[in-house]
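The exercises that follow ask you to read a fold from its overall dimensions down to individual strand pairings. Try each task on the structure before turning to its solution.

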Amino acid sequence: MAPATLGARPDTSGTEFAVWSSRAGKIDLCLFDAADHEIERLPMVRGEDGIFRLHAKGITAGTRYGYRADGDYDPARGLWFDPDKLLVDPYAVLIDRPYVYDAKLGARRGEGSDTAPLVPKAVVAALSGIPSVPPPLFQPGGLIYELPVRAFSMRHPDVPENDRGTLRALTHPVVIDHLKKIGVSAVELMPITAKVDERHLPPLGLTNAWGYNPVTFMALDPHLAPAGIGDLRAATDALRKAGIGVILDLVFNHTGESDEHGPTLSLRGLDSLAYYRQASDGRLINDTGTGNTLACDHPAARDLVLASLHHFVRHAGVDGFRFDLAPVLGRDDNGFTPNAQLLAAMRADPVLSDRILIAEPWDIGTGGYQLGQFGSPFLEWNDKYRDDVRRFWRGDAGLVGRLATRLAGSSDVFAGETQSRSVNFIAAHDGMTLADLVRYEKKHNQANGEANRDGHNENLSWNFGVEGESTEPYIAARRAGDQRALLATLFASRGTIMLTAGDEFGRSQGGNNNAYAQDNDLTWLDWGRRDQSLEDHVAALSALRADLPALRDTVFLTGQPHDDGGLPDVVWMTETGLPMDEAAWNDPSRHRLAMVLGNAGVDGGRLAVLVNGDRRSSTFVLPLRDGYHWSDALDPDASVEAWRLIEGRAVCFMIERQWGENSGEPR
């Protein structure tokens, strides 16, 4: 198969159409007019390579089309050929409208009418690639900002109304200024490719708000990108000019065709046995929890994935990709392997080899938890970091050692490597928001229509004795302090860090930890009710991390001296200024720790991160060196001594400076 030849490619005399199927007996090209009427049905010619081709003279860019595939129909054996089902080209780069779920799309052969009126049409497009794809702006160790395009701007008062909820919103100066203020290195756009609602949502009056239910892998959702790939390219260009990269969150583990009761929209109707993993009895394998699993070990699926990645690099210049449920990309009948052909191809591909690749390293299949196993250059979402940091700040016993390991880059996860590939995060789209972590002990997903059964039951969250909102000043203050402590921990951690949009100013979802179906005020960011103080705190943390290479370094902290024979890269201390010994590490009641980074500040100065996870205030003593003094890293003008009183449950950054620098004369 030659994936570069698949799809619709206009030329000077017409358009070459090509689609692959190893089992279809016949495939017709169907052309539609502007009124959505099928005006022509043209038989395609099958080659020995399984590619059905047709050159249609006079057909130009803007023409709307689809395919009909005929052959054996036996769903129990994975054969779904039905000429009544109009199919979207898997290689389509543009569709004419969003998908709207209708039960007729899932009707069995002979049971339903023609689905053409229900299915979006692919559109012939003449694309021009970027003459020279620039290298990625984002580098490991930076700040990734996870951004749901629609929810991010739907309520932004300074974004023009027609641009709200679209990629165009990201080009506006007010948005870019906010991203620059909090030091974003790259935005990670939650799925923007065309998707369809899960079939249980329309009867509940709900729609898929996250996008993790794709139909096409290249064509963008018209709600988010009315101009298709051009909107993504414009957003990428505007963000790059501001020094911000773009990472796409892509779903190559399943499609919205779901299980055997789902709709037939594209891959299922063309060649289900090739594109989806199926058991020997014909049953669809469900390693994703969504009904089907893409067969990434099959050349057809593998070529489609690689072609999609090429498309976004060549035509939009994106920095890289985050892969949802990434073990599927390396799965075959024997399980996951990091050397699977698709993963190896990504590493070796000349178009992709310098792109940022991020794995969500788990799915629900057998052996699906693969954290730390993807290998370089993949970065990996680190749920051990998330859980250990949450447990520490919740007040669980015996976590000080785990906290140190997470701050140092999680060498236990990436054993045998010299640098951390960890993507550290406290909260993500899937789960409670940062603010809700300190407001709710239990999930509150009743609005999802599943009687609160969906979503994780354990969130490692706490509420200070009151579930939900509270007007009690003491509780509000404690919650605000814990949010700051969580964020400071994140920004002090080795590896790449990730912040979810709105967590920098205290967004809440009312305790809903699975808001995938809430395309409404519950998930839309409320820009009018931002916690400005918290936002300023994030901006200060981000500026500090940007100024100090030791904070954004990805090399594991080991406690060994630097190569130049200088100070150890880290010394772990108690609040008394003494090195942590075995008794201190193993003390289950210990909730305090000082991380002192060598040669981390200005002119050989050190940086101390003082962590007080106790509810009681504590004095921290720092070691002194001749010619240096300690000052508050976030407030250099503050007057401090060689000790610092840290209030309960807080994190403080102290930097060691030479006398005379921001301090007057030596004392």
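## Exercise 1: Overall dimensions

The protein exposes about 25,000 Å², of which carbon and sulfur atoms supply 49%. The model is a predicted one.

Task. Work out how compact the protein is for its 667 residues, and describe its box, its burial and its contacts.

Solution. Begin with the secondary structure, which comes to 13 helices and 27 strands. The radius of gyration is 27 Å, close to the 26 Å given by the globule rule for 667 residues, so the protein is as compact as a globular protein of that length. Taken along the principal axes, the box filled by the C-alpha atoms is roughly 90 × 50 × 50 Å. Turning to burial, 60% of the 667 residues are buried. Finally, among contacts between residues at least 6 apart in sequence, 70% join residues at least 24 apart.

## Exercise 2: The barrel

Task. Determine in which order the 8 strands of the barrel follow one another, and whether their pairing is parallel or antiparallel.

Solution. The barrel closes in the order 11-12-13-14-17-18-19-20, and the pairing is parallel. Neighbouring strands of this sheet are turned against each other by 30° on average, with direction ignored.

The part of the barrel from strand 17 to strand 20 can then be followed pair by pair. Strand 17 (residues 356-359) and strand 18 run parallel and are joined by 2 bridges, with Leu379 in strand 18 as the bridge partner of Ile358. Strand 18 (residues 379-381) is in turn joined to strand 19 by 2 bridges, again in parallel, and here Glu380 stands opposite Ser422 of strand 19. Strand 19 and strand 20 (residues 496-500) run parallel and are joined by 3 bridges; the bridge partner of Phe425 in strand 20 is Met498.

As a last step, consider the side chains of strand 19 (residues 422-425): Ser422 and Asn424 point one way, Val423 and Phe425 point the other way, and all are buried. Helix 10 (residues 473-491) lies across strand 11 (143-147), strand 19 and strand 20, and runs at about 145° to strand 20.

## Exercise 3: The open sheet

Task. For the open sheet of 5 strands, find the strand order, and explain why strand 21 and strand 25 each have one side without a neighbour in the sheet.

Solution. The order is 21-22-23-27-25, and the pairing is antiparallel. Strand 21 (570-573) and strand 25 (628-632) stand at the edges with a single partner strand each, so one side of each is left without a neighbour in the sheet. On average, neighbouring strands of this sheet are turned by 20° against each other, direction ignored.

Within the sheet, strand 23 (residues 607-612) and strand 27 (residues 650-658) pair in the antiparallel sense over 6 bridges, and Leu610 has Cys652 of strand 27 as its bridge partner. Helix 8 (residues 400-407) packs on the sheet, where it touches strand 21, strand 22 (592-597) and strand 23, and its direction makes about 25° with that of strand 22.

## Exercise 4: The nonpolar cores

Task. Identify which residues of the largest nonpolar core touch the most other members.

Solution. This core has 127 residues, of which Val187, Leu189, Leu232, Leu248, Phe321, Phe323 and Met346 touch the most other members. Helix 5 (residues 299-316) gives the most to this core, with 10 residues. Not counting residues up to four places away in sequence, Leu189 has contacts that include Leu147, Leu167, Leu232 and Leu248. A second, separate core of 38 residues includes Val19, Ala24, Tyr65 and Tyr101.

Methods: Residues numbered from 1 in each chain as written. Predicted model: local features only at pLDDT ≥ 70, side-chain atom pairs only at ≥ 80, totals over all residues. Heavy atoms only, no water. Buried < 20%, exposed > 50% of the residue type's maximum accessible area, 1.4 Å probe, protein only. Helix = DSSP H or I, 4+ residues; strand = E, 2+ residues; numbered from the N terminus. Pairing = 2+ DSSP bridges. Core = buried A, V, L, I, M, F, W, Y, C linked by side-chain atoms within 4.5 Å. Contact = heavy atoms within 4.5 Å. Axes fitted to C-alpha atoms, helices over the stretch in contact; angles between N-to-C directions. Rg over C-alpha atoms; globule rule 2.2 N^0.38 Å. Areas by Shrake-Rupley, 256 points an atom, 1.4 Å probe, with all protein chains shown as cover.
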